[in-house]
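Visitor: Got a minute to walk me through this one? I'd like to start with the backbone and then move on to how the chains touch.

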Amino acid sequence: MSQPLVDIRNLKIGATVYPPGENPKKIEIVHGVSFTLEKGKVLGLIGESGAGKSTIGLATLGYGRGGVELTGGEVHVNGRDILAMSDRDLRKLRGPEVTYVAQSAAASFNPAKQIMEQVTEAAIKHKLCSKSEAEARAVELFRKLGLPNPETFGSRYPHQVSGGQLQRAMTALALCPQPDLVVFDEPTTALDVTTQIDVLKAIKDAIRDTGVAALYITHDLAVVAQVSDEIMVLRHGNMVEHGTTDQIINHPREEYTQALVSVRSIEHEEKAPTPEPVLKVEQITARYKGLNFDVLKDVNVELHPGQTLAVVGESGSGKSTLARVITGLLPPREGKINFAGRSLSSDFKGRTREDLRELQMIYQMADVAMNPRQTVGTIIGRPLEFYFGLKGAEKQKRIVELLDEIEMGEKFIDRYPAELSGGQKQRVCIARALAAKPKMIICDEVTSALDPLVADGILKLLLELQKIEDVAYLFITHDLATVRAIADSIAVMYQGEVVRYGPKSQVLAPPFDDYTDLLLSSVPEMKLGWLEDVIAHRKMESAGN
Amino acid sequence: MSKIPLSALIGLIITGTYFLGAIFAGVIAPYGMAEVVGDVWEPSSPEHWLGTDQIGRDLLTRIIYGGQTTIFIATAATILSFTTGSVLGFLAAVFGGWIDQVMSRLVDLFMSIPSLILALVILSSIEATVLTLIVIMGLLDSTRVYRLARAVAVDISVMDYVEAARLRGEKFGWIIFREILPNALSPLVAEMGLRFIFMVLFISTLSFLGIGVQPPLADWGGIVKENKDGINFGIGAALYPAIAIATLAISVNLVADWILNRTTSLKGGRG
Amino acid sequence: MHPILLLVLQRLGLGVLLLLAASALIFGLTEILPGDAAQAVLGQSATPESLANLREEMGLNRPALTRYVEWLGGIVTGDMGNALTNKLPIADQIARRMSATLFLAFWAALISVPLAILLGLIAVRYQNRWPDKAISGITLASISLPEFMISYILIFLFAVQLPWAPSFVSINDSMSLLQKLHAISLPVAVLTLVVLAHMMRMTRAAILNVMQSAYVETAELKGLSTFAVIYRHAFPNAVAPIVNVVMINMAYLVVGVVVVEVVFAYPGMGQYLVDAVVKRDVPVVLACGVIFAAVYIILNIVADVVSILANPRLRHPK
């Protein structure tokens with residue numbers, strides 16, 4: 001067998017952490033990971049946050065981000081050990097041999113320079129080719145990556161192009177010096193789902209056409225399944241499983257991998273509409289102060305008691321604005337809101353305490369949805385005291401009941417939010433909403449900041465609680481897999497309008513309107529060859545172009 | 001968590017010593033404040049540890065009493081600056097609208113002119129007494145506190161947890177005292193240390209220029225002014241108050257740094 | 001018109017407005033506070049009649065607004081009236097002293113700006129290592145000392161113990177530049193120390209901010225040399241914040257000058273102002289105060305305009 005392009009043996013990576021009020025400490029974040037990568041192959045590195053996947057990716061460039069050090073093992077690229085290299089040799093490696101595509105292209109491009117200059121810089125500075133050759137290469141890459149006006153695209157500044165385009169330009173930047181290996185670090189995570197699919201396709205084609213090898217790092221197994229030949233699953237800095245893409249997706253061996261593959265497979269039977277909706281949104285039109293266009297246009301939806309209405313859309317669709325209108329934070333220009341058989345004041349300040357109690361809200365970022373100076377007990381206890389006047393032992397008893405309901409238990413009562421994990425924080429927020437005994441809860445992207453398995457747990461809990469408490473959810477999300485898992489009815493939003501609305505079974509069944517088709521088809525599926533199928537069968541160009 | 005780092009501990013001890021010295025000046029000072037006990041600019045001796053000043057008063061005594069004046073004025077001005085600045089800043093943040101606009105533009109105007117220049121202009125028209133000095137310094141400085149308090153409160157009041165409290169139907173009182181204040185307190189307390197140092201420097205500068213604390217009262221800036229001519233004869237009497245000011249300022253700085261670090265680490269909880 | 005031009009004009013317009021408001025504030029402060037020029041001339045024991053006569057004579061009985069407009073017109077046209085104490089025209093005094101002060105400030109700026117940027121760069125280059133720690137230690141110390149203290153320490157060391165430089169500064173036109181520089185070496189050193197600390201600290205923060213951005217990482221991962229990373233990627237983005245830092249500190253210098261001139265008995269604007277305050281010479285205080293404020297405000301406007309001009313988003317709109 002010929003020499004592999006990348007050969008990592010027992011790689012250990014340490015980091016210096018700065019705990020508050022203590023001396024800096026060194027900890028190990030990757031505990032001996034090994035793998036090889038042949039020329040022209042794509043290896044997917046997958047894992048949740050803190051798995052060490054980005055750190056491993058950057059190790060192939062001999063780079064450690066702020067305080068991260070490669071502490072042990074070997075990293076061979078093209079047969080040379082990176083850890084033994086001088087800074088000078090490392091600089092010769094970066095660019096000509098290995099390049100990097102970061103998650104946020106918007107931050108990774110220098111705002112003060114034109115795109116062309118940045119894309120060609122590595123090739124020119126390393127004297128790999130002349131300036132005109134490098135620019136010709138760049139234009140060719142822009143064309144290949146489907147960027148508009150490839151001839152002139154490079155003369156623009158980063159802030160003058162869209163996020164999806166910039167991410168492609170970043171790929172061009174990485175490919176321009178014609179390296180042997182490109183490290184893609186979550187290149188599509190920050191994009192909308194319909195934009196993601198195009199960028200993903202562009203990246204995949206570019207990898208195939210140039211014959212470059214790639215490390216593709218992501219937390220989304222369905223995405224990585226589309227582009228990689230092999231997948232390595234990482235958790236807490238350890239390798240869990242390593243195999244071909246087919247083996248990992250179709251025959252996962254380890255329990256953790258199986259959980260990742262079967263994530264979002266929650267089954268939920270659709271409930272029939274009731275005669276009396278708990279929430280009726282009628283002809284809502286709204287805009288923000290200082291804007292000269294409507295963010296919501298004539299929106300009509302209903303939510304039935306004990307059921308879930310999912311509002312889906314991409315960024316800018318107006319879905320979160322709808323939540324703000326319903327909660328009364330943004331009084332609409334027109335239209336009215338009917339809640340539990342009564343008309344709601346358009347401003348929350350004009351609502352009765354009963355109105356406020358029965359309509360609760362859970363936020364996307366549980367981190368900032370809880371006062372960091374209050375204990376879990378205080379956070380959950382306040383609605384009990386405020387709405388029901390509970391005090392002392394009675395209040396305590398109810399707090400413990402709620403903590404049991406969210407599967408956390410009494411021992412958390414005196415903890416502060418900073419001491420909880422992401423999933424636990426979101427659970428406490430759920431308990432706080434439930435404490436008010438609401439008729440309805442607005443859930444605004446409540447799982448999108450969480451790792452997939454944790455998110456799954458939250459969704460299961462929400463469904464379980466719906467059965468017990470008979471509460472209705474208005475579930476705002478960009479993630480159609482989530483919608484499938486929990487919705488009874490669905491409203492699809494696009495540019496401020498509801499483009500499709502009805503019971504789940506109808507909304508998700510053909511014939512589709514163009515946008516819903518695009519949206520539905522863009523959700524990565526956990527199967528091989530999905531990407532090609534979708535691209536071949538699409539009716540509408542994605543919104544990001 | 002609650003372990004105090006060495007630098008902060010040193011800062012706390014020195015700051016504490018200075019404050020105790022200021023409070024008990026009358027007890028610990030070896031001589032009377034205006035008492036002439038020796039010759040002009042005597043060198044240090046067992047009777048006069050730091051020697052004597054330009055008319056033969058005990059320098060250590062002068063510095064102890066001077067510290068009392070300086071620290072008292074600086075403390076009072078800091079308290080005034082803080083209460084005014086933070087109350088108005090919080091109000092501006094919570095009410096917003098035109099109240100915020102009017103106050104913020106006015107503060108912009110005051111801050112567009114250096115405080116020393118403004119203080120000089122004001123002191124050309126009114127008598128410098130301990131009270132007027134405290135009021136002038138306190139109010140001029142409150143513009144800075146206002147900006148900080150407003151910024152901190154605005155940052156906090158757009159947090160989801162404050163929105164959650166508002167949607168729950170909580171009253172103003174709860175939102176200010178239970179949601180915003182506990183989270184705003186530590187950055188403000190750290191800032192208070194810096195403001196205090198600034199006040200010490202400010203009052204010393206004014207007194208040195210001859211428009212701050214007036215004789216017979218002594219303060220550190222004034223002692224420098226009285227003894228500055230000695231320097232040209234190689235007599236370091238004027239440098240002792242310098243050392244006092246510097247050590248006080250540095251120790252308060254160390255404490256403020258520590259408080260600030262402690263807060264930032266508590267705030268996020270995300271490392 | 002290019003939108004950036006519009007923004008700059010807008011900023012300049014606001015600046016003019018601020019200058020007007022600041023002059024009104026300074027004038028108003030002396031106006032609403034008890035005591036006026038007539039009182040200052042005659043003292044506390046003046047009889048009401050003589051006070052009223054003098055007020056009539058000095059035109060103090062007319063409405064405040066009229067007098068403000070007249071006063072402002074005078075400042076703008078260079079006629080600032082006469083000092084109360086010696087009856088000499090204020091404008092003559094200021095013209096002479098202004099050039100002396102500018103001479104001092106110019107040399108202090110010339111030394112401190114490059115030095116501060118250099119030391120700031122060194123602090124960033126050796127972040128958290130001993131050069132950085134030494135620099136921040138010295139910064140802490142010099143921020144904790146008032147200007148007059150630094151002055152006397154330097155006088156004690158370099159004028160008295162080692163007689164290298166004079167502690168009283170007088171310059172005149174018959175001196176050569178070198179003689180003049182020797183004369184002002186100590187005050188310049190003090191001013192340099194005073195602004196250096198602040199400027200270094202802020203430069204360090206500004207550069208660090210840029211160095212920690214993702215695009216600098218991108219540049220490093222392209223295999224560029226440290227120099228190329230700094231020169232090609234960090235520097236263009238650090239210019240605006242550094243210019244801002246410099247301008248803010250030049251404004252700070254304006255205040256430092258007041259105290260330093262008093263210490264070294266240097267015949268500049270600062271000494272003139274303090275002298276006038278002590279003697280309660282309100283017209284002089286007003287004139288000097290408004291000039292100091294104007295310099296401070298103009299420097300801040302320059303800083304604002306530079307950061308607008310340096311912003312690529314504004315320079316190359318969509």
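**Backbone oddities and a chain contact**

Guide: Sure. Glu445(A) sits in the loop between strand E17 (440-444) and helix H18 (452-469) of chain A. Keep in mind that this is a predicted model.

Visitor: OK, what's the phi of Glu445(A)?

Guide: Positive, about 50 degrees, and Glu445(A) is not a glycine. Most residues other than glycine have a negative phi.

Visitor: And how exposed is Glu445(A)?

Guide: Partly exposed, because 19 other C-beta atoms lie within 10 Å and a residue needs 20 or more to be buried.

Visitor: What about Ala340(A), where does that one lie?

Guide: Ala340(A) is in the loop between strand E14 (334-339) and strand E15 (342-343) of chain A. Its phi is near 50 degrees, a positive value in a residue other than glycine. Ala340(A) has 18 C-beta neighbours inside 10 Å, so it counts as partly exposed.

Visitor: Switching to peptide bonds: which residues does the cis one join?

Guide: Pro510(A) and Pro511(A), with omega at about 0 degrees. Pro511(A) belongs to the loop between helix H20 (504-507) and helix H21 (514-522) of chain A.

Visitor: Now the contact between chains B and C. How many residues does each chain give?

Guide: Chain B gives 35 residues and chain C gives 41. On the chain B side, H10(B) brings the largest share, seven residues.

Visitor: How do the chain B residues that touch chain C divide into nonpolar, polar and charged?

Guide: That side has 24 nonpolar residues, ten polar and one charged.

Terms used:
Residues numbered from 1 in each chain as written. Chains lettered and ligands numbered in written order. Predicted model: local features only at pLDDT ≥ 70, side-chain atom pairs only at ≥ 80, totals over all residues. Helix = DSSP H or I, 4+ residues; strand = E, 2+ residues; numbered from the N terminus. Buried ≥ 20, exposed ≤ 12 C-beta atoms within 10 Å, placed from the backbone. Contact = placed C-beta atoms within 7 Å. Nonpolar A, V, L, I, M, F, W, Y, C, P; charged D, E, K, R; others polar.
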